[in-house]
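Biologist: I am new to this structure. Could you take me through the reasoning behind some of its labels?

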Amino acid sequence: MVFVGSVLAGLIAFVCGEPGVQYHCGFPMMSRASFGMYGSYFVVMLKCFVNFIYFGIQAYWGGLAVKVVLSSIFPSFQHMTNTLPASAAITTNELIGFVIYIIIFTPLMLVHPTRYHKYLWYAFGASVATMGGLFIWAIAANGGASVLGPSIVISSSTRSFRMLQAVSSVAGSWTGSSIRQADWTRYSKTKRAPVLNQLITVPLTITITAMLGVFATSAVKNMYGKAYWQPIQLLEFLLTHNYNAATRAGCFFGGLGFFWSQIAVNLVQNSVAAGMDLASIAPRWIDVKRGSLIMCFVGYLINPWRFVNAPGTFITVLNSFGMFISPLAGINAVDFWLVRRRIWKVPDLYVGNSSSIYWFTFGLNWRAFLGWTLSIWPSFPGFVQAISGRKLAPGWLKCFQAAWFIGFLGGGLVYYIICLIFPPPGRPYVRELFGNEHNEVIDGMADSGPDSASDPEHQEKSRVAASLKDV
């Protein structure tokens with residue numbers, strides 16, 4: 001089920017990343033085309049709100065990785081007396097690790113995103129080595145592989161629905177990242193460069209990582225009687241219960257690898273991506289660097305360890321945000337691929353008045369908002385039950401548990417039907433060239449856009465370029 005959910009996540013990444021490949025426009029522009037100039041602000045802020053919280057949580061995990069590294073080197077740091085009260089929900093050495101993470105991570109916001117490529121390869125290598133090493137250690141120390149047995153016995157019908165729920169959970173957890181693929185694909189060197197990673201690498205990576213995690217956790221539970229699903233917490237446990245030279249060496253390299261991974265995750269999924277999106281709301285005052293710094297400071301100041309160490313209603317709401325995000329992905333994808341047939345009038349995306357076809361009604365596309373509202377309401381009663389504990393009909397809870405299917409597929413279908421009845425402005429949709437596209441000739445071939453074949457100027461340029469190539 002993890003594989004099926006990851007395949008769906010990869011497909012979402014592909015369909016939402018195509019605008020970046022084709023037009024070099026990011027997620028805010030895709031939202032602007034489907035929700036309108038001002039409507040896109042709602043989409044961007046909804047995504048950034050989730051990023052604020054998850055950035056802080058990932059930063060906290062990065063701080064714990066720093067703590068593991070320092071504890072492996074210095075016994076005094078490992079056994080440091082905690083001077084903070086229990087109400088702080090964090091210990092002294094954890095706070096020190098968090099501050100060190102802040103000091104290292106924040107200056108990276110001043111580096112342009114196009115220069116992250118080499119670092120991300122290093123972080124990928126470190127993450128693979130760390131997870132592979134932790135897996136090999138767990139299997140070897142346990143004397144072989146073992147698998148956790150089922151904790152409860154369920155019927156076949158319940159099992160079938162749980163499998164559907166698992167697919168929905170995996171796809172929903174990655175939709176938040178997949179929906180803004182255009183923020184990164186717009187930097188791709190070729191039009192097909194991202195496709196292999198989106199459709200092949202994503203499912204394989206998620207599935208293999210999940211399998212390694214299950215086997216490693218099962219082995220650890222078999223050895224120590226407790227399952228540790230968070231690898232950094234496992235390293236902390238090992239240092240606490242077996243503080244010898246071999247354990248310290250292994251935990252040092254493990255903590256270092258996970259520290260690199262938490263840097264990379266926060267760079268790609270949270271800070272820089274949110275910085276790009278926040279810049280679309282107030283471009284006069286916010287650029288990518290400033291938007292990324294805003295994300296950092298908010299994530300640092302919210303005391304993210306409280307969401308991890310003292311979870312309550314708020315974290316339940318946060319984990320349920322896929323219910324609100326998946327319809328956005330479905331509507332954006334359907335608008336680009338089916339309604340507009342991948343044809344954008346790019347200059348109009350940057351016009352903030354009624355002369356733009358993306359202005360709709362006072363800057364809002366009511367079709368998209370109606371489709372979004374209709375696609376979340378079936379899951380909303382189950383969402384209320386999850387955060388309040390009130391008992392409702394079992395069907396409502398099942399709708400909530402399968403919220404990704406209802407949101408993504410339902411939102412896209414409802415929006416498409418509405419657009420068939422009430423077509424958005426600008427039909428028939430014709431691509432309008434912009435910038436230096438009018439003069440672009442590559443390797444003797446003119447631009448192959450939808451309108452280039454019938455453009456006499458482009459035909460003449462193509463013939464001249466071909467003649468020169470023959471000479």
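Modeller: We will go through three helix pairs and then a cavity. Keep in mind that this is a predicted model.

Biologist: What makes helix 1 oblique to helix 15?

Modeller: Helix 1 covers residues 2-23 and helix 15 covers residues 322-339. They pack at an angle of about 50°, with their axes 10 Å apart. Roughly parallel needs an angle under 35 degrees, and roughly perpendicular runs from 65 to 115. The angle of about 50° fits neither, so helix 1 is oblique to helix 15. Their crossing is left-handed.

Biologist: Which residues of helix 1 and helix 15 meet?

Modeller: Helix 1 brings Ile12, Phe14, Val15, Cys16, Glu18, Pro19, Gln22 and Tyr23. Helix 15 meets them with Ala329, Ala333, Phe336 and Trp337. By class, that contact of helix 1 with helix 15 has 10 nonpolar, 1 polar and 1 charged residues.

Biologist: Why are helix 10 and helix 11 called roughly antiparallel?

Modeller: Look at the angle. Helix 10 (residues 231-241) and helix 11 (residues 245-281) cross at roughly 160°. An angle over 145 degrees counts as roughly antiparallel. The crossing at roughly 160° is therefore roughly antiparallel. The axes of helix 10 and helix 11 come within 10 Å, and the crossing is left-handed.

Biologist: What makes the contact between helix 10 and helix 11?

Modeller: From helix 10 come Pro231, Ile232, Leu235, Leu238 and Leu239. From helix 11 come Thr247, Arg248, Cys251, Gly254, Gly255 and Phe258. These divide into 7 nonpolar, 3 polar and 1 charged.

Biologist: Helix 11 also pairs with helix 5. What makes helix 5 oblique to helix 11?

Modeller: Helix 5 spans residues 92-105. Its axis and that of helix 11 cross at roughly 60° and come within 12 Å. Roughly perpendicular begins at 65 degrees, and roughly parallel needs an angle under 35. Roughly 60° lies in neither range, so helix 5 is oblique to helix 11. This crossing is right-handed.

Biologist: Which residues do helix 5 and helix 11 use there?

Modeller: Helix 5 uses Tyr101, Ile104 and Phe105. Helix 11 uses Phe259, Gln262, Ile263, Asn266, Leu267 and Ser271. The contact of helix 5 with helix 11 has 6 nonpolar, 3 polar and no charged residues.

Biologist: How many cavities of 30 Å³ or more does the structure hold?

Modeller: It holds 1. The largest cavity has a volume of about 30 Å³.

Biologist: How do you know which residues line the largest cavity?

Modeller: A lining residue has an atom within 4 Å of a cavity point. The lining is Met109, Val111, Pro113, Tyr116, Val272, Val288, Lys289 and Ser292. Its largest share, 3 residues, comes from helix 12 (residues 288-301).

Biologist: What classes make up that lining?

Modeller: The residues divide into 6 nonpolar, 1 polar and 1 charged. Lysine counts as charged, and Lys289 is part of the lining.

Terms used. Residues numbered from 1 in each chain as written. Predicted model: local features only at pLDDT ≥ 70, side-chain atom pairs only at ≥ 80, totals over all residues. Heavy atoms only, no water. Axes fitted to C-alpha atoms, helices over the stretch in contact; angles between N-to-C directions. Helix = DSSP H or I, 4+ residues; strand = E, 2+ residues; numbered from the N terminus. Left-handed = near helix turned anticlockwise from the far one by under 90°. Contact = heavy atoms within 4.5 Å. 1 Å grid on protein atoms, 1.4 Å probe; cavity = no way out; pocket = protein on both sides within 12 Å on 5 of 7 lines; lining within 4 Å. Points joined across faces, edges and corners; volume = space filled by probe spheres on them.
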